[in-house]
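Subject: Structure for your attention

Dear colleague,

Please find the structure below, with the sequence shown alongside. I would be grateful if you would read the notes that follow with the structure open in front of you.

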Protein chains: 2
Amino acid sequence: MEDAGLERLMSLRGLRRTPQRVAVWNALAESPGQTIRELAARLQGSGIGQATVYRAVRALEDAGLLLRYAAPRGELRYAAVLGHAHLLVCEECGSVRSLEQCGLAAYEDEVARTTDYRISGHTLVVYGVCPACQEAL
Amino acid sequence: MEDAGLERLMSLRGLRRTPQRVAVWNALAESPGQTIRELAARLQGSGIGQATVYRAVRALEDAGLLLRYAAPRGELRYAAVLGHAHLLVCEECGSVRSLEQCGLAAYEDEVARTTDYRISGHTLVVYGVCPACQEAL
DNA sequence: CCGTAGATGATAAGATTTATCACGTATGGA
DNA sequence: TCCATACGTGATAAATCTTATCATCTACGG
């Protein structure tokens, strides 16, 4: 697993590498696109308290190790990432995968030029229908 | 105001143009980047019930007339839009403006080609520091 | 191997969101 | 224009979700 990268990034950001935080990240790496309460329910079986899940998600997200996005039905969902990434969400089955490629540097430059903002980053979520769901339709 | 466009789009999507929904949209057009409870508090003075605010936001968003995005601190915030737009959020003062230009068609094509997803849309939020806050720093 | 700052678990407290239901009204057709 | 009705609203209760508290535990640097 890429735990090596995770561990390095956690210490880089000053986060203690606790079993609970690793479990939260792993759960979101295996099943991206969960809500916090789904995560909490799933991890309670491992003896992890729900308050800890909330805190771990907050900490990991602040460290840039989780991506949060606004899903349909007004939900906040999360996915594990190791660096900058975009999300590709299937509107039919709800599955999520991350896109490593990021072609937005030029766009950011253009925005910076036209708005005089100092750009620090962005979040992109692309919606569509995955191949499997296209077949099923 | 662009209520003409709003009214047209509401009927196009099968939404009744009630004063409450118009008030919600107008409040988010005047002050983009509010949470639902901020909206509800603000509109309660106009005699609009909080349940109605929740319902109106949901309806307007489903109709594509509001943009929802995941703000720092785990909050869901909203901004009024009339068509497709991106958001530019200032991380210092929290102000939000919309970007009309969208240079992501080529990127969507590339994602569609490499993933075999049928792409239907995207949400982009750009973070940075606005000119006023840059001065203040 | 120790000391300590920081993390966890359990539960209580607080806040947010939804459900319910009687009443009101926007909208299409006569 | 006026009516009928399907849809929306307001008030409040109920359900959910999130955070705070505090005693205990532990990851990590020395």
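The notes below take the contact between the protein chains and then each DNA strand in turn. Please bear in mind throughout that this is a predicted model.

**Chain A and chain B**

The contact between the two chains involves 41 residues of chain A and 41 residues of chain B. The area buried between chain A and chain B is about 3,600 Å², and carbon and sulfur atoms give 55% of that area. On the chain A side, the residues that lose the most area to chain B are Y107(A), Y117(A) and R118(A), which together make up 20% of what that side buries.

As to polar interactions, 18 residue pairs are in polar contact between chain A and chain B, counting pairs with both residues at pLDDT 80 or more. The count of salt bridges between the two chains is 0. Several elements of chain A give two or more residues to the side that touches chain B: strand 1 (66–71), strand 3 (86–90), strand 4 (96–99), helix 5 (105–115), strand 5 (118–129) and helix 6 (131–136). Strand 5 of chain A gives the most, with 12 residues. By residue type, the side of chain A that touches chain B divides into 20 nonpolar, 13 polar and 8 charged residues.

Strand 5 also joins the two chains directly. Strand 5 of chain A and strand 5 of chain B (residues 118–129) run antiparallel and are joined by 11 bridges. Within this pairing, R118(A) stands opposite V129(B).

**DNA strand C**

DNA strand C is surrounded by 19 residues, and the closest of these are T18(A), T52(A), R55(A), R37(B) and Y54(B). Of the strand C atoms within 4 Å of the protein, 69% belong to sugar or phosphate, while the rest belong to bases.

Three contacts to phosphate oxygens of strand C may be worth examining. In the side chain of T52(A), an N or O atom is 2.6 Å from a phosphate oxygen. For R37(B), the corresponding distance from a side-chain N or O atom is 2.8 Å. At G49(A), a polar backbone atom is 3.2 Å from a phosphate oxygen. The elements that give two or more residues to the surface near strand C are helix 2 (19–30) and helix 4 (50–62) of chain A, together with helix 4 (50–62) of chain B. Helix 4 of chain B provides the largest share, 5 residues. The surface near strand C comprises 5 nonpolar, 6 polar and 8 charged residues.

**DNA strand D**

Around DNA strand D there are 19 residues, the closest being R37(A), Y54(A), T18(B), T52(B) and R55(B). Sugar and phosphate account for 66% of the strand D atoms that come within 4 Å of the protein.

An N or O atom in the side chain of R37(A) is 2.7 Å from a phosphate oxygen of strand D. The side chain of R16(B) has an N or O atom 2.9 Å from a sugar or linking oxygen of strand D. From G47(B), a backbone N or O atom lies 3.0 Å from a phosphate oxygen of strand D. Helix 4 of chain A, together with helix 2 (19–30) and helix 4 of chain B, are the elements that give two or more residues to the surface near strand D. Helix 4 of chain A gives the most, with 5 residues. The residues of this surface divide into 5 nonpolar, 6 polar and 8 charged.

Yours sincerely

Methods:
Residues numbered from 1 in each chain as written. Chains lettered and ligands numbered in written order. Predicted model: local features only at pLDDT ≥ 70, side-chain atom pairs only at ≥ 80, totals over all residues. Heavy atoms only, no water. Near = heavy atom within 4 Å. Polar contact = N/O pair within 3.5 Å; in protein donor to acceptor, adjacent residues only side chain to side chain. Helix = DSSP H or I, 4+ residues; strand = E, 2+ residues; numbered from the N terminus. Nonpolar A, V, L, I, M, F, W, Y, C, P; charged D, E, K, R; others polar. Contact = heavy atoms within 4.5 Å. Buried area = accessible area lost by both parts, 1.4 Å probe. Salt bridge = Lys/Arg side-chain N within 4 Å of Asp/Glu carboxyl O. Pairing = 2+ DSSP bridges.
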